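Subject: Structure for you, with notes

Hello,

Here is the structure I promised you. Please open it first, then read my notes beside it.

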Amino acid sequence: MNISGKNAIITGGGRGLGKAVALALANEGVNIGITGRNEENLKMTVDEIQKLGVNAAYAVFSVDNEIQVTAGINALAETLGGVDILINNAGIGDFGSIEDMPSETWEQVIKTNLFGVYYAAKAVHPFMKAKGEGDIVNVSSTAGLKGGPNMSAYAASKAAVVSLSQSMMAEWRKQNIRVITLTPSTIASDMSIQGGLTDGNPDKVLQPEDFAEWVRDILKMNRRALIANGSIFSTNP
């Protein structure tokens, strides 16, 4: 399916996985709106996207604040001329034992990773419902399928995203809105490298562009087809 001319909003789009997806979609002719907290990163990414010949804009907000999310997404939708695609990518990863991690840190991971997906999806839904179609890609993690030591907050947040996303699909599927839940394994992003989850070796570990190509290909499937859930792993880490 040709996705040129569609409008996509990507949360956490200033760097890492979000930026990779933004560039992959822009190369397909998709207009891009990116969000994040670091305005400098967003500006540089928008400049890079615009050189590919599509419209691009950014909004600065934290996904854990519903008022900011709604205002920012509405502003991007107005600038772009609507919303066809939402990539719910923004998230944080604080790791540590249940015993040692402060409760405030644990709660913030849940607030960002779960509530951020909820707020953003709720903000774009009216645009998609009015248009009669849309695509929402919620980025969870294999950690949400099976928790492990020192990742209780992250794993719990991503497991909750899986369940939330499944409920979204059940409610919005009849409105021709495809809700897609992705559970990637470790990717060589800033978060995973800085968190000591991988050394980022490009010969063995998934790279952001691998994830971006996967998202692009799923979105290009004919609208009669819905990839409800999908995982991607490194072949030989």
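Start with Asn-89, which sits in the loop between β4 and α4. This is a predicted model, so please read everything below in that light. Is Asn-89 buried or exposed? Asn-89 counts as buried, because its relative accessibility is 12% and the cut-off for buried is under 20%. Beyond its neighbours within four places in sequence, Asn-89 is in contact with Thr-11, Gly-12, Leu-17, Gly-18 and Val-139.

**The sheet**

Now step back to the strands. Seven of them form an open sheet, and the pairing is parallel. The order is β3-β2-β1-β4-β5-β6-β7. Which strands are at the edges? They are β3 and β7, and each pairs on one side only. Neighbouring strands of the sheet are turned by 15 degrees against each other on average, direction ignored.

**Around β2**

Strand β2 covers residues 31-36. How many of its residues are buried? Six of six are. Asn-31, Gly-33 and Thr-35 point one way from β2. Ile-32, Ile-34 and Gly-36 point the other way, and these residues are all buried too.

β2 has a partner in β1, residues 7-11. Five bridges join the two strands, which run parallel. Two positions are handy for finding the register. Ala-8 stands opposite Ile-32, and Thr-11 has Thr-35 as its bridge partner. Between these strands the chain passes through helix α1, residues 16-26, and this β-α-β crossover is right-handed.

β2 also pairs with β3, residues 56-60. Again there are five bridges, in the parallel sense. Here Ile-32 of β2 has Ala-56 as its bridge partner in β3. β2, helix α2 (residues 39-50) and β3 make a right-handed β-α-β unit.

**Helices on the sheet**

Where does α1 lie? It lies across β1, β2 and β4, and runs at about 170 degrees to β1. α2 packs on the sheet as well, touching β2 and β3. The direction of α2 makes about 170 degrees with that of β3.

Helix α3 covers residues 66-80, which is 15 residues. From its first C-alpha to its last it reaches 21 Å, close to the 21 Å expected at 1.5 Å a residue. Which residues of α3 are buried? They are Val-69, Gly-72, Ile-73, Leu-76, Ala-77 and Leu-80. These buried residues cover an arc of only 135 degrees around the axis, so they are on the same side of α3. They pack against β1, β2, β3 and α4. The face turned away from that buried side carries the exposed residues Ile-67, Glu-78 and Thr-79.

**The β7 edge**

At the other edge, four bridges join β6 (residues 177-184) to β7, and these strands run parallel. Leu-182 stands opposite Gly-230 in β7.

What do the side chains do along β7, residues 229-232? They alternate. Gly-230 and Ile-232 point to one face and are buried. Asn-229 and Ser-231 point to the other face and are not buried. In general, side chains in a regular strand alternate between the two faces of the sheet.

**Two more residues to look at**

First, Asn-138. Its place is in strand β5. Its relative accessibility is 0%, so Asn-138 counts as buried. What is Asn-138 in contact with, leaving aside its neighbours within four places in sequence? The list includes Asn-88, Val-117, Val-161, Ser-165 and Met-168. Val-179, Ile-180, Thr-181 and Leu-182 are also among the contacts of Asn-138.

Then Thr-142. This residue is found in the loop between β5 and α5. Why does Thr-142 count as buried? Its relative accessibility is 19%, and buried means under 20%. Leaving aside its neighbours within four places in sequence, Thr-142 is in contact with Thr-183, Pro-184, Ser-185 and Phe-233. Thr-142 and Gln-166 are 24 residues apart in sequence. In space they are 15 Å apart, C-alpha to C-alpha.

Best wishes

Note on methods:
Residues are numbered from 1 along each chain as its sequence is written. This is a predicted model: local features need pLDDT of at least 70, side-chain atom pairs count only at pLDDT 80 or more; totals for chains, interfaces and linings use all residues. Side-chain values use heavy atoms; hydrogens and water are left out. Buried means under 20% relative accessible area, exposed over 50%, partly exposed in between (1.4 Å probe, protein chains only). Two strands pair if DSSP finds at least two bridges between them. A crossover is right-handed if, with the strands pointing away from the viewer, the path from the first strand over the helix to the second runs clockwise. Axes are lines fitted to C-alpha atoms, for helices over the stretch in contact, and angles run from 0 to 180 degrees between N-to-C directions. Contact means heavy atoms within 4.5 Å. The expected span of a helix is 1.5 Å times one less than its number of residues. The arc is that of the directions from the helix axis to the C-beta atoms.
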